[in-house]
Amino acid sequence: MGDRCGKCGNEVPLERNTCPHCGGDNLFPNVRQASQTAELEALEHRYQTGRDDCRRRGCLDVLDEFESAVSNSKAVFACSLSKLIALVRQPGIFSNYYHLQRIQFHSESKPGEPNWKTLRPHAEIEFVGSHKLMDQLHYACLTLNDCGLPHYGECTILLREDMIAHRSSVFEENSAMFVQRKGVPLTKGLRSTWGDRMKLCVAKLARQIDADTNSENFPELLLKPGRQAIDDNFVEVQIFGDMTILTFERVRLASAKASTPTRMRKRTRRGSTDERAVRELCLKHHVFCDIV
Ligand SMILES: [Zn+2]
């Protein structure tokens, strides 16, 4: 993955997703950014530092096991049922953050919350290299047990690796929160390609692993919901380009809140028709769907 067009071999500016010389396409700016030499070197350095740390503390074997588990991690995201229903009513492209803003679907930042409307674009320009290719990323996070984050809605969607691996980049944490804390440009070595995501996770989490850590702790090490969304601890995935129902491996519909009897009743009453509609859509496209 260099800076040259795979078709004509000429150099393509980093912020382009089509070749200006021959029109060749399928260049993913976020993956190209993550593949820059400076990024790869910084990541490798952090990865080796993490390994050295575990070696010193006598838990390199546990870290190896963690790395191997994460090399099979999947991308998952959560959304509201209404967002999926939009897909039922108008089959086609699944909306991302920006589409939703345009149709006023997205709620405003609450008082005390970070201003996503400014932070998200700042982070996104960093990922794709230019404002010209903004609005084209979907966000997900890495999971080892197919569970996602609970604060974004009652639907958990697992993505098909073969549909996203080539166009995904990975960042060590919630990128918008990172930008709020540290600003831009993003520190080198905090992102990776999909294929290198285990290195990124080792770099981030090696210090939290010791000889007592076992594989049952791995899922929560990688993804831990906070009391509110801004406290979530996760590794973020950015997927460039469109998604449809065929990008999904599995859809799980669940109650957004803990299952108190009132909420359960409410969900059943509100959801049954919508839930059935989503399930039918999934069935039609051979996407596994369960309602829990
Ligand atoms: Zn070309």
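Student: Leaving aside its neighbours within four places in sequence, which residues is L186 in contact with?

Tutor: This is a predicted model: local features need pLDDT of at least 70, side-chain atom pairs count only at pLDDT 80 or more, and totals for chains, interfaces and linings use all residues. Residues are numbered from 1 along each chain as its sequence is written, and side-chain values use heavy atoms, with hydrogens and water left out. Contact means heavy atoms within 4.5 Å. With those neighbours set aside, L186 is in contact with E126, F127, F171, F178, V179 and R191.

Student: Where is L186 found?

Tutor: Helices (H or I, at least four residues) and strands (E, at least two) are DSSP runs, numbered from the N terminus. L186 is found in the loop between α8 (175-182) and β5.

Student: Is L186 buried or exposed?

Tutor: Buried means under 20% relative accessible area, exposed means over 50%, and partly exposed lies in between, using a 1.4 Å probe and protein chains only. L186 has 4% relative accessibility, so it counts as buried.

Student: What separates the C-alpha atoms of L186 and H122?

Tutor: Along the chain, L186 and H122 are 64 residues apart. Their C-alpha atoms are separated by 10.0 Å.

Student: What is the order of the strands in the open sheet?

Tutor: Two strands pair if DSSP finds at least two bridges between them. The sheet is open, has 8 strands and mixed pairing, and runs in the order β5-β4-β6-β2-β1-β3-β7-β8.

Student: Which strands stand at the edges?

Tutor: Look for a strand with a single partner. One side of such a strand is left without a neighbour in the sheet, because nothing pairs with it there. The edge strands are β5 (191-193) and β8 (288-291).

Student: What does the twist average from one strand to the next?

Tutor: Angles run from 0 to 180 degrees between N-to-C directions, and axes are lines fitted to C-alpha atoms, for helices over the stretch in contact. In this sheet, the twist from each strand to the next averages 30°.

Student: Which residue in β6 is the bridge partner of S169?

Tutor: Strand β4 (residues 168-171) and strand β6 (residues 236-240) run antiparallel and are joined by 4 bridges. The β6 partner of S169 is Q238.

Student: How many residues of β3 are buried?

Tutor: Strand β3 covers residues 155-159. C155, I157 and L159 point one way, T156 and L158 the other, and all are buried. The strand is largely enclosed by the rest of the structure, because the buried count is 5 of the 5.

Student: Which residue stands opposite L159 in β7?

Tutor: β3 is joined to strand β1 (residues 74-79) by 4 antiparallel bridges. It also pairs with strand β7 (residues 248-253), in the antiparallel sense over 5 bridges. Opposite L159 in β7 stands F248.

Student: Which residues does F288 touch, not counting those up to four places away in sequence?

Tutor: F288 has its place in strand β8. With a relative accessible area of 47%, it is partly exposed. F288 touches E249, R250 and V251.

Student: At what angle do α2 and α3 pack?

Tutor: Two packed helices are described by the angle between their axes and the distance between the axes. Here, Y47, G50, R51, C54 and R55 in α2 meet L60, L63, D64 and E67 in α3. The axes of α2 (residues 37-56) and α3 (residues 60-70) are 7 Å apart, at an angle of about 140°.

Student: How are α2 and α3 set to each other?

Tutor: Angles under 35 degrees count as roughly parallel, over 145 as roughly antiparallel, 65 to 115 as roughly perpendicular and the rest as oblique. α2 and α3 are therefore oblique.

Student: Which residues coordinate the zinc ion?

Tutor: Donors are N, O and S atoms within 2.8 Å of the metal (3.2 Å for Na, K and Ca); water is not among the atoms, so sites may look incomplete. The donors follow the spacing C-x2-C-x10-C-x2-C along the chain. At 2.3 to 2.4 Å, the SG atoms that coordinate the zinc ion belong to C5, C8, C19 and C22.

Student: What is the arrangement of the 4 donor atoms around the zinc ion?

Tutor: Four donors count as tetrahedral if all angles lie between 85 and 135 degrees; four count as square planar and six as octahedral if opposite donors are over 155 degrees apart and all others between 65 and 115; anything else is irregular. The donor atoms here subtend angles of 103 to 113°, so the arrangement is tetrahedral.
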